[in-house]
Amino acid sequence: MSYAIVYSSKTGNTKILADTLHDCLPQEGCIYFGIPDPVAMEADTLYVGFWTDKGKADADTLDFLQQLHGKRVFLFGTAGFGGSAPYFEKILAATRKALDGSNTVI
């Protein structure tokens, strides 16, 4: 099964998480690693990282997520404000709204 790691990182923190995922996952399955790009959409599973902007993912990530159909999607992100689980859940819920219902969030 192929995968791609796509991330948007304003301060570098989300890239650190993306690099860690890349180091931990089997390299032979990775078909793309980098900023949002249509090439990544060829993967079966997408690990999509974002920075938080006004309580949801940044605009570049939201645009990318809206283009996905029939994919397995793992969301990860960074937020410079807050520290409570309910706040982070709210961010994820707002970000998930960008995904078409044919996708499976893992």
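1. A disulfide is counted where a pair of cysteine sulfur atoms lies within 2.5 Å. In this predicted model, there are zero disulfides. The sulfur of Cys24 has its closest cysteine sulfur in Cys30, at 13 Å, so the two are too far apart for a bond. Seen from Cys30, the closest cysteine sulfur is that of Cys24, again at 13 Å and too far for a bond. Cys24 is also exposed, its relative accessible area being 64%.

2. The largest nonpolar core has 19 residues, and the members that touch the most others are Leu46, Phe64, Leu65 and Leu68. Two or more residues each come from strand S1 (3-7), strand S3 (45-53), helix H2 (59-66) and strand S5 (72-78). Another core, of eight residues, lies apart from this one; Tyr3, Tyr7, Ala18 and Leu21 are among its members.

3. Leu68 deserves a look of its own. Not counting residues up to four places away in sequence, Leu68 touches Met41, Leu46, Val73, Leu99, Asp100 and Asn103. Leu46 is thus a partner of Leu68, and both are among the residues that touch the most other members of the largest core.

4. Which residues of H2 are buried? They are Thr61, Leu62, Phe64 and Leu65. Because these residues cover an arc of only 160 degrees around the axis, they sit on the same side of H2. Their packing partners are S1, S3, strand S4 (56-57), S5 and helix H3 (85-96). Of the buried four, Phe64 and Leu65 also appear among the residues with the most contacts to other members of the largest core.

5. The start of H2 has a contact between a side chain and the backbone: a side-chain oxygen of Asp58 comes to within 3.3 Å of the backbone nitrogen of Asp60. The side chain of Asp58 also makes a polar contact, at 3.0 Å, with the side chain of Ser8.

6. Ser8 belongs to the loop between S1 and helix H1 (13-24). Is Ser8 buried or exposed? With a relative accessibility of 9%, Ser8 counts as buried, since the limit for that class is under 20%. Leaving aside neighbours within four places in sequence, Ser8 is in contact with Thr14, Gly49, Phe50, Trp51, Asp58, Asp60 and Thr61. This list includes both Asp58 and Asp60, the two residues joined by the contact at the start of H2. Thr61, another residue in contact with Ser8, is one of the buried residues of H2.

Conventions: Residues numbered from 1 in each chain as written. Predicted model: local features only at pLDDT ≥ 70, side-chain atom pairs only at ≥ 80, totals over all residues. Heavy atoms only, no water. Core = buried A, V, L, I, M, F, W, Y, C linked by side-chain atoms within 4.5 Å. Buried < 20%, exposed > 50% of the residue type's maximum accessible area, 1.4 Å probe, protein only. Helix = DSSP H or I, 4+ residues; strand = E, 2+ residues; numbered from the N terminus. Contact = heavy atoms within 4.5 Å. Arc of directions from axis to C-beta. Polar contact = N/O pair within 3.5 Å; in protein donor to acceptor, adjacent residues only side chain to side chain.
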